[in-house]
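Student: Please take me through one part of this model in close detail. I would like to start from a single helix and work outward from there.

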Amino acid sequence: MNNPATIPSVSSLVARYDSCTTILVGSQATTDGSRIIARTEDHDPCLSKVLLVHPARKNAGNTFRANENRFTYPIPKTAFGYTSFSNGLPGKSADEMTWGAAGFNDKGVGMTATETIFASDAALKNDPYLPDTGITEDSITDVILPYITSAKEGAAKLGKIIDEKGAGEGFGVAFVDEKEIWYLETGSGHQWLATRIPDDSYFVTGNQGRLRQYKPNDTSHFMASKTLVKYAVDNGLYNPKVDGEFDFEKAYTLHDDAKDRYYNYPRVYALQHLYTKGIKTRLEKPDGFNVFERPSAKMDIDAVKAGLRNTYENLGRMPYTAMPDYTLRPISLFRTQQSHILQSRNGLPVQIANVEYVSYGMPSISIYIPFYPGCLTDFPDGYKKVTDGSADSESAQWKFRKLQTLVMVDYHKYAPIVQKGYRDAEMQFARMQKKLEKAFIAESDSSKALGLVNAFENKVFTQALEVTEKLTNQLFTLLANDLNQRYKFAGA
């Protein structure tokens with residue numbers, strides 16, 4: 001391990017506090033030929049998060065109106081049904097809840113939004129963000145996912161919105177379907193680049209624009225704002241005679257400052273070294289990080305979970321001790337609100353081709369629950385229970401968060417217990433999935449087949465809470481005994 005980065009001041013990190021980590025995996029880089037998009041959402045451990053199913057609609061309103069700024073956009077009257085992992089807002093309907101975060105729609109298109117990224121001051125000087133009227137992270141899923149039929153269409157639609165309305169902030173958004181993955185990054189208020197993820201590679205990022213290459217004539221692999229290169233030239237961001245081939249990251253994004261070396265680069269470094277053994281990159285030389293890497297071994301859902309759960313154990317670090325190690329920002333954080341993995345598979349009936357894995361709270365000490373959005377009509381009450389930011393006894397969010405809070409009292413003593421309990425449950429879920437899918441394919445009665453999926457989903461959502469309660473009681477018992485030993489006074 002190289003010398004740790006200098007710890008930045010608290011004030012220098014304020015702009016980076018709402019932050020996420022994204023992992024995208026192409027079909028030839030997975031064990032089963034599926035495509036995977038995944039992300040953590042890191043902000044506030046007490047913020048209400050709810051799982052929602054939005055039904056398909058006809059003759060709906062023709063204008064989308066954001067809840068958190070004045071952004072509006074015309075939408076079709078017909079909307080596909082879709083799932084979302086939204087911010088729960090007390091007193092609001094499902095349609096009024098923001099930050100949809102991730103989900104699949106009825107057409108089998110999935111998306112995750114968003115990865116917060118940052119443009120340079122020079123890029124924003126003559127094309128600033130439009131936070132009051134531009135599209136922002138809280139609206140992206142809900143204004144796009146109900147109206148698209150492919151991943152590429154999703155990226156194009158988001159690009160069109162940025163062209164017309166501007167971006168209210170910097171972000172990266174991924175889309176997946178039965179053929180491909182597309183990822184879009186903003187460069188300024190109206191500039192953007194979208195790239196098709198290579199089938200044989202994976203892509204990882206942590207709060208920084210990382211796309212670099214752009215080939216305008218290769219429309220099968222690239223899309224961009226019409227003036228992407230021209231704006232860069234006109235504003236001194238790119239000089240073709242001096243700089244050579246256009247580099248989106250160097251032209252537009254904020255990179256290679258003190259905060260990046262603490263906050264962003266370590267996540268890319270750790271994940272690339274986790275998935276690609278023997279690469280020679282160094283943390284202090286981030287220019288050497290490839291945008292896309294090929295894994296040493298093909299990746300599966302468990303490999304993606306391991307990435308989202310990473311606390312730099314593969315770098316020999318232990319950040320969660322009695323004296324926390326703040327030298328590098330890990331991937332799995334206590335303030336993670338939720339994380340998710342969306343898997344698009346081929347060769348299966350459409351109802352079970354897509355699987356969504358969702359996890360509440362800190363990924364390294366939480367459980368991923370699988371469900372099939374193509375069959376789901378609702379979530380159990382606890383998973384859609386809105387809270388006001390205070391702990392309760394009904395919401396799934398707080399049942400998971402209470403256990404995680406106990407773990408953090410002594411992470412390295414208690415985390416292995418929770419991790420084993422959840423790992424055993426996830427292995428059972430995987431066995432149940434294989435059995436379910438085999439039975440679904442064999443069942444000729446469609447209503448009975450749907451019933452099999454519904455029974456599976458009810459069981460895994462229920463079992464996730466049951467194992468959480470069991471682990472919570474186990475940790476309370478251990479903690480009580482630990483405290484008894486710590487405060488042991490002589491006498492009867």
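Tutor: What follows starts at helix H9 and then moves to its surroundings. Keep in mind that the model is predicted.

Helix H9 spans residues 301-308. Six of its eight residues are buried, so the helix is largely enclosed by the rest of the structure. The buried ones are Ile-301, Ala-303, Val-304, Lys-305, Gly-307 and Leu-308. Note that Lys-305 is on that list.

What do these buried residues pack against? Four strands and two helices are involved: strands E1 (22-25), E2 (35-42), E14 (336-344) and E15 (354-360), plus helices H8 (265-275) and H11 (411-442).

The N-terminal end of H9 is capped by Asp-300. One of its side-chain oxygens lies 3.2 Å from the backbone nitrogen of Asp-302.

Now the core. Val-304 of H9 is buried, and it is among the residues with the most contacts inside the largest nonpolar core. That core has 73 residues. Ile-341, Ile-367, Ile-369, Tyr-383 and Phe-400 are the others singled out for their contacts there. Helix H12 (residues 446-486) gives the most to this core, with eleven residues.

Ile-367 is worth a closer look. Setting aside residues up to four places away in sequence, Ile-367 touches Arg-309, Val-358, Ser-359, Phe-400, Tyr-422, Ala-425, Glu-426, Phe-429, Ala-464 and Val-467. Another core lies apart from the largest one. It has 31 residues, including Ile-135, Val-143, Ala-151 and Ala-155.

Back to H11, one of the elements that H9 packs against. Two packed helices are described by the angle between their axes and the distance between the axes. For helix H10 (residues 396-407) and H11, the axes come within 8 Å and cross at roughly 145°. H10 brings Phe-400, Leu-403, Leu-406 and Val-407 to the contact. H11 brings Tyr-411, Tyr-414, Ala-415, Val-418 and Tyr-422. By class, the contact has nine nonpolar residues, no polar ones and no charged ones. Phe-400 and Tyr-422 take part in this contact, and both also touch Ile-367.

Next, a sheet. Six strands form an open sheet in the order E7-E8-E9-E10-E11-E13, paired antiparallel. Its edges are E7 (102-104) and E13 (222-224), each pairing on one side only. Neighbouring strands are turned by 15° against each other on average, direction ignored. E11 (residues 192-196) pairs with E13 over three antiparallel bridges. In that pairing, Leu-193 has Ala-224 of E13 as its bridge partner.

Two loops lead into these edge strands. Asn-207 sits in the loop between strand E12 (202-205) and E13. Buried or exposed? Asn-207 is buried, with a relative accessible area of 1%. A polar atom of the Asn-207 side chain lies 3.2 Å from the backbone nitrogen of Cys-20. The backbone oxygen of Thr-116 lies 3.1 Å from a polar atom of that side chain.

Met-97 is in the loop between strand E6 (82-87) and E7. Met-97 is buried too, at a relative accessible area of 7%. Beyond its neighbours within four places in sequence, Met-97 contacts Val-50, Leu-52, Asn-67, Ser-86, Asn-87, Gly-88, Leu-89, Lys-92, Asp-142 and Val-386. From Met-97 to Lys-152 there are 55 residues in sequence and 26 Å in space, C-alpha to C-alpha.

Note on methods. Residues are numbered from 1 along each chain as its sequence is written. This is a predicted model: local features need pLDDT of at least 70, side-chain atom pairs count only at pLDDT 80 or more; totals for chains, interfaces and linings use all residues. Side-chain values use heavy atoms; hydrogens and water are left out. Buried means under 20% relative accessible area, exposed over 50%, partly exposed in between (1.4 Å probe, protein chains only). Contact means heavy atoms within 4.5 Å. A polar contact is a pair of N or O atoms within 3.5 Å; within protein, one must be able to donate a hydrogen and the other to accept it, and residues adjacent in sequence count only if both atoms are side-chain atoms. Two strands pair if DSSP finds at least two bridges between them. Axes are lines fitted to C-alpha atoms, for helices over the stretch in contact, and angles run from 0 to 180 degrees between N-to-C directions. A nonpolar core is a set of buried Ala, Val, Leu, Ile, Met, Phe, Trp, Tyr and Cys residues joined through side-chain atoms within 4.5 Å. Ala, Val, Leu, Ile, Met, Phe, Trp, Tyr, Cys and Pro count as nonpolar, Asp, Glu, Lys and Arg as charged, and the others, Gly among them, as polar.
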